Amino acid sequence: MNAPTTHLDQVQIPAEFQSCFERQRAAYLAHPEPTYAERKRDLQQLARMLKENREDLVAAINRDYGNRSEFETLFAEFFVVLETIKDSIKDLKGWMRPQRRKIDIMVHPLATNRVIPQPLGVVGVIVPWNFPLNLTFCPLASIFAAGNRAMVKMSENSQHLAELLMRISPNYFPEDKLKFFEDGNGRGPAFSSIPFDHLLFTGSGATGRAVMANAARNLTPVTLELGGKSPAIVGPDYSVKTAAERILWVKLFNAGQICTTIDYVFIPEAAVDEFVGHCKRLFAQRYPDINGADFTSIIDQRSYERLTHTLEDARAKGARLINLAGDQQPNAALRKFAPHIVLNPTPEMLLSQREIFGPILPVRTYRDAREVADYINRRDRPLAIYPYTNDKALAQFYITHVMSGGVSVNEALLHVAQHDLPFGGVGPSGMGHYHSREGFNTFSKLRPVFYQGPVSAIQMLFQPPYTGRAMKLLNLLIKLKT
């Protein structure tokens, strides 16, 4: 365990952070390894908190967004989290079981090796605003399954939700097990400077670097779930109509404010006009009123202005912009942002240089798969790639030649919702995994334990002086191993 501290390199830890950490640490030391029954009860309490406060939680997220589609909240947050918790309870006994490992019986007769998963202690969680329930409760499912305690800091853009969770959480968990905190005007650096036993951060790469630097002062291990520019690639064999249907659904879900959404798409040049035509038709069918409840708002004015500037920059640099909303007039006061397809993007444009995080879809054309792979590989490794093709060899080409955090084939985003698959980035898109067994392992110490048998061959046969019998036996063992 790391020792408690009140400040590190001029980063002052607020008293409420410090006192909570000390209480949770003391509770961990008093009861370091909860039983299966206790962990199962904690997971059930997480589900109860969600189900018993469903309407209030949905309303709080809606207020934080200005308008957040109720369906998107229930589908991507409630449903996914409840399924995660259910699966965790079902698999928990197997995850907790000590693992048998091989032993060299010639050197260690009658001894045994085990790997025992044990709780780390106190885990910190820094939650983004875009899926605040999912990205709070899915990690908590892994953290509690592993037997830990947790401190959770919400985003400044999730103020209403943070206040609600702070109010209702004590009805389900003591504060030495789980406590929520609001951001409180930039207290993130202080939170990430707490000497947690593990720290999980989900957010931008720039903030992730700062979080990692703060954690490094305590040698706190981190799991960073970042973002990046995840591409979709429509193969020449694939139905353009089907690709448009699936790509547009993902790109406009949560108004594009998803770290694993499609940032840009590769389309065969001859199929661009058909793709654009399908997207126009689909948007008109799916969102007849862009100001209605189904189309989610941009989270804040700063983000709205950033997206506006991104489009203006692309237009000024020669891109062709296609407004999918057509004649519909988005309500700027509600931060409803008209989705756009951008044709002829160039490397100088802002939308080519940074994660878009909104309903803007650049379309790039290509001639062959190697060209696509080379383009992606010259840039930061993405959080995901999405090949659309029925050609198994082509799909495997992209899986083999383009490294990314995850992959969905003939779909986008949905690999994240597979609860028996780990989720995580690679390189600039993140490090570490959680979800399922990998989440349990991330928040556990997989502790190696050697149990000596009643007879120790080492003590009997390999004592100095080493000349003579000990050296002969060692040389025999080396010969047998080669």
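**Figure 1. Charged side-chain ends placed over tyrosine rings in the predicted model.** In this predicted model, the charged end of K93 sits over the ring of Y36, at 4.9 Å from the ring centre. A second view shows R379 and Y375, where the charged end of the arginine sits over the tyrosine ring, 3.6 Å from its centre.

**Figure 2. The two residues listed by UniProt under "active site".** The UniProt record, an unreviewed entry, lists E225 and C259 under this heading. The two span 35 residues in sequence, yet their C-alpha atoms are no more than 8.9 Å apart, so they gather at one spot. Of this set, C259 is part of the lining of the largest cavity.

**Figure 3. Surroundings of E225.** E225 belongs to strand β9, which runs over residues 222–225, and with a relative accessible area of 1% this glutamate is buried. When neighbours within four places in sequence are left aside, the contacts of E225 include L200, F201, T202 and G203. From a later part of the chain, E225 is also in contact with F423, G424, G425, S429, G432, H433 and Y434.

**Figure 4. Surroundings of C259.** In contrast to a placement within a strand or helix, C259 lies in the loop between α9 (240–252) and β11 (264–268); its relative accessible area is 15%, and C259 is therefore buried, as the value falls under 20%. Apart from neighbours within four places in sequence, C259 is in contact with L226, G227, G228 and S230, and also with N130, E355, F357 and L383.

**Figure 5. Cysteines C138 and C259, neither of them in a disulfide.** The structure holds zero disulfides. For C138, the nearest cysteine sulfur is that of C259, 12 Å away, and C138 counts as buried at 2% relative accessibility. The relation holds from the other side too, since the cysteine sulfur nearest to that of C259 belongs to C138, 12 Å away. A disulfide is a covalent bond between the sulfur atoms of two cysteines, and here a pair would need its sulfur atoms within 2.5 Å to be counted as one.

**Figure 6. The edge-to-face pair of F283 and F295.** A search of the whole structure finds 26 aromatic pairs. One of them joins F283 and F295 in an edge-to-face arrangement, with 6.0 Å from centre to centre and 85° between the planes. F283 lies in helix α10 (residues 272–286) and F295 in the loop between α10 and α11 (301–316), so the pair ties together parts that are twelve residues apart in sequence. Both phenylalanines, F283 and F295, are buried.

**Figure 7. The edge-to-face pair of Y304 and F337.** The ring centres of Y304 and F337 are 5.6 Å apart and the ring planes meet at 80°, so this pair is edge-to-face. Because Y304 lies in helix α11 while F337 lies in the loop between β12 (320–323) and β13 (340–343), the pair ties together parts that are 33 residues apart in sequence. Y304 counts as buried at 15% relative accessibility, and F337 is likewise buried, with a relative accessible area of 6%.

**Figure 8. An aromatic cluster.** The view takes in one aromatic cluster, which is formed by the phenylalanines F71, F75, F79, F131 and F253 together with the tryptophan W249.

**Figure 9. Backbone geometry at N344, L413 and the P464–P465 bond.** Most residues other than glycine have a negative phi, and most peptide bonds are trans. N344, in the loop between β13 and α12 (350–353), has a positive phi near 60°. L413 also has a positive phi, near 80°, and is found in the loop between β16 (406–407) and β17 (430–431), where this leucine is buried, with a relative accessible area of 14%. P464 and P465 are joined by a cis peptide bond with omega of about 5°, and P465 lies in the loop between α16 (457–461) and α17 (469–481).

**Figure 10. The segment annotated as a domain.** The unreviewed UniProt entry carries the annotation "domain: Aldehyde dehydrogenase" for residues 17–447. Over these residues the chain is 42% helix and 16% strand, and the C-alpha atoms at the two ends are 29 Å apart.

Conventions:
Residues are numbered from 1 along each chain as its sequence is written. This is a predicted model: local features need pLDDT of at least 70, side-chain atom pairs count only at pLDDT 80 or more; totals for chains, interfaces and linings use all residues. Side-chain values use heavy atoms; hydrogens and water are left out. UniProt positions are given in the numbering used here, feature names are shortened, and annotations may be inferred rather than shown by experiment. On a 1 Å grid over the protein atoms alone, a cavity is a set of points where a 1.4 Å probe fits but cannot get out, and a pocket is an open set with protein on both sides within 12 Å along at least five of seven lines; lining residues have an atom within 4 Å of a point. Helices (H or I, at least four residues) and strands (E, at least two) are DSSP runs, numbered from the N terminus. Buried means under 20% relative accessible area, exposed over 50%, partly exposed in between (1.4 Å probe, protein chains only). Contact means heavy atoms within 4.5 Å. Rings of Phe, Tyr and Trp (its six-membered ring) pair if their centres lie within 6.5 Å; planes under 30 degrees apart count as stacked, over 60 as edge-to-face and the rest as tilted. A charge sits over a ring if NZ of Lys or CZ of Arg is within 6 Å of the ring centre and within 35 degrees of the ring normal.
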